[in-house]
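Subject: Structure for your files

Hello,

Here is the structure I said I would pass on. My notes on its charged side-chain pairs come after it.

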Amino acid sequence: MSVDAVVARIAQLNSVLSPQPVAAPVTTPQTAAPANATFASLMGSQASATATAPLAPAGGTPAGQAMVNLARQEVGVAEQPPGSNDSPRIAQYRQATAGSGVGPWCAYFVSWAARSVGAPLGEQGQGFGSVEQVWDWAQRSGKAIPAGTQPPQTGDLIVWGGRHIGMVESVDPDGTIHTIEGNSSDRVSQRTYGPDGGGATGFVRLG
């Protein structure tokens with residue numbers, strides 16, 4: 001055998017006997033969990049990522065929602081002159097009550113709003129000129145909700161004894177109550193109270 005043939009044979013044997021490099025498998029990158037993570041903590045993280053925001057309290061009756069939508073358009077209506085309990089617009093609120101004259105008009109305002117949406121106050125839909133009359137009627141008709149017995153809803157009337165009345169505009173998940181009130185600082189105003197409604201006596205649910 002020639003020298004060239006011997007060299008070629010040795011090269012062939014070396015290629016067969018020498019180990020060949022093996023390509024590393026291709027893997028998809030994974031996000032490693034922290035070294036101290038437990039199964040419970042990983043599950044908790046997943047739950048928090050998919051949890052939904054707290055639900056707001058119930059939205060109120062159709063009549064209540066309609067009242068609030070109407071009342072929002074009246075925010076800013078003011079007495080002319082201030083302190084007079086009167087103005088052309090306030091005179092229209094007063095017409096929703098039976099035989100009421102110029103005077104404190106918070107009950108006129110809610111009577112007007114309720115009548116305007118087809119849910120008038122009173123046994124004959126006559127409306128009321130005083131807060132006390134509204135609460136008395138609500139108790140007689142089963143519409144009164146004493147404070148602390150259940151959460152208020154959008155459109156509920158909110159009553160403070162015989163002194164003042166407004167309507168609940170909305171309620172936050174933490175119980176904060178937003179209202180729209182006639183004759184508040186001589187105008188239709190938006191106010192905010194804690195969950196106790198600023199010491200409210202109760203609520204009146206219409207519809």
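Below is what I found on salt bridges and on how exposed their residues are.

Please keep in mind that this is a predicted model. The structure holds five salt bridges, and three of them are described here, including where each partner sits.

One of the five joins Glu-169 and Arg-72, with 2.7 Å from N to O. This pair links distant parts of the chain: Glu-169 belongs to strand 3 (residues 164-171) and Arg-72 to helix 3 (residues 62-72), 97 residues apart. Glu-169 counts as buried because its relative accessibility is 11%, under the 20% cut-off. Arg-72, at 41%, is partly exposed.

Another salt bridge is formed by the side chains of Arg-140 and Glu-123, at 2.9 Å from N to O. Here too, distant parts of the chain are linked: Arg-140 lies in helix 6 (residues 131-141), while Glu-123 lies in the loop between helix 5 (106-116) and helix 6, 17 residues apart. Arg-140 has a relative accessible area of 54%, so it is exposed. Glu-123 has 45% and is therefore partly exposed.

Arg-205 pairs with Asp-156, and their closest N and O atoms are 2.8 Å apart. Arg-205 is in the segment after strand 6 (202-204), and Asp-156 is in the loop between strand 1 (144-146) and strand 2 (157-160); the two residues are 49 residues apart. Are these partners buried or exposed? Arg-205 is buried, with a relative accessible area of 16%, and Asp-156 is buried as well, at 2%.

Regards

Key: Residues numbered from 1 in each chain as written. Predicted model: local features only at pLDDT ≥ 70, side-chain atom pairs only at ≥ 80, totals over all residues. Heavy atoms only, no water. Salt bridge = Lys/Arg side-chain N within 4 Å of Asp/Glu carboxyl O. Helix = DSSP H or I, 4+ residues; strand = E, 2+ residues; numbered from the N terminus. Buried < 20%, exposed > 50% of the residue type's maximum accessible area, 1.4 Å probe, protein only.
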